[in-house]
Amino acid sequence: MGFYKLLLIIFTLSFVSCVNRAEPELHIFNKGFQGYVIIIFNDFSGQEVKYKDGFRVYEIPSNGILRTKFKAQTGWIPNNKLKYCFDSNGECKLIEYRDFNNDNLDTNSICVHHKELSKGLIRYIVSPLNKTNFYYSSMRDKINELFPPTVQ
């Protein structure tokens, strides 16, 4: 084996081992939930750590604010390992995540959108896309209430 092939193999293995994958996540909402979601991590008075089939389980309360004992993750989660669903009597009805790069979006169907990550927080909206402005504004107000701008 040539020196450059060996060097390439070592480089590739080093790179692959450095890629940081986060644990899979399952976000569960009560059937019919619409609104903003704010997940606050590393809260020792928060929801207990729970796993299902290898996924972290985040059971989102009806007010959309989840405080959890889970630590915030770093790294990326493959699309098939990040799921959002409505709980319908123990059945998980998947909800699609959408971004705005698609011109053929149905703005009336409920989806997860506007996901933002920051230190110790995940926030996003669960609603039809045509209600984005209302929920985004409400979410910003709630974040400012929970974390005054002087500490953000």
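D43 counts as buried in this predicted model, because its relative accessibility is 13%, which falls under the 20% limit for that class. This residue lies in the loop between strand β2 (35-40) and strand β3, and the points below start from its surroundings before turning to the strands and their pairing.

**Around D43**
- The side chain of D43 makes a polar contact with the side chain of S45, at a distance of 2.8 Å.
- When its neighbours within four places in sequence are left aside, D43 is in contact with R67, T68 and K69.

**Strand β4 and its partners**
- Strand β4, which spans residues 55-59, is mostly covered, since 4 of its 5 residues are buried.
- On the parallel side of the pairing, strand β1 (residues 25-30) is joined to β4 by 4 bridges, and within this pair H27 stands opposite Y58 of β4.
- Strand β3, made up of residues 51-52, pairs with β4 in the antiparallel sense over 2 bridges, and here K52 is the residue that stands opposite F55 of β4.
- β3 and β4 form a hairpin with 2 residues between the strands, in which D53 takes a positive phi near 55°.

**The hairpin of β6 and β7**
- Strand β6 (residues 82-88) and strand β7 (residues 91-95) run antiparallel and are joined by 5 bridges, with S88 having E91 in β7 as its bridge partner.
- The two strands form a hairpin with 2 residues between them, and N89, which lies in the turn, has a positive phi of about 55°.

**The open sheet of four strands**
- Strands of a sheet pair through backbone hydrogen bonds, and this pairing may be either parallel or antiparallel.
- In this model, an open sheet of 4 strands follows the order β5-β2-β9-β8, and its pairing is mixed.
- The edges of this sheet are formed by β5 (65-67) and β8 (110-118), each of which pairs on one side only.
- From one strand to the next, the twist of the sheet averages 15°.
- The edge strand β8 runs antiparallel to strand β9 (residues 121-128), to which 7 bridges join it, and in this pair the bridge partner of H113 is I125 in β9.

How values were computed
Residues are numbered from 1 along each chain as its sequence is written. This is a predicted model: local features need pLDDT of at least 70, side-chain atom pairs count only at pLDDT 80 or more; totals for chains, interfaces and linings use all residues. Side-chain values use heavy atoms; hydrogens and water are left out. Two strands pair if DSSP finds at least two bridges between them. Buried means under 20% relative accessible area, exposed over 50%, partly exposed in between (1.4 Å probe, protein chains only). A polar contact is a pair of N or O atoms within 3.5 Å; within protein, one must be able to donate a hydrogen and the other to accept it, and residues adjacent in sequence count only if both atoms are side-chain atoms. Contact means heavy atoms within 4.5 Å. Axes are lines fitted to C-alpha atoms, for helices over the stretch in contact, and angles run from 0 to 180 degrees between N-to-C directions.
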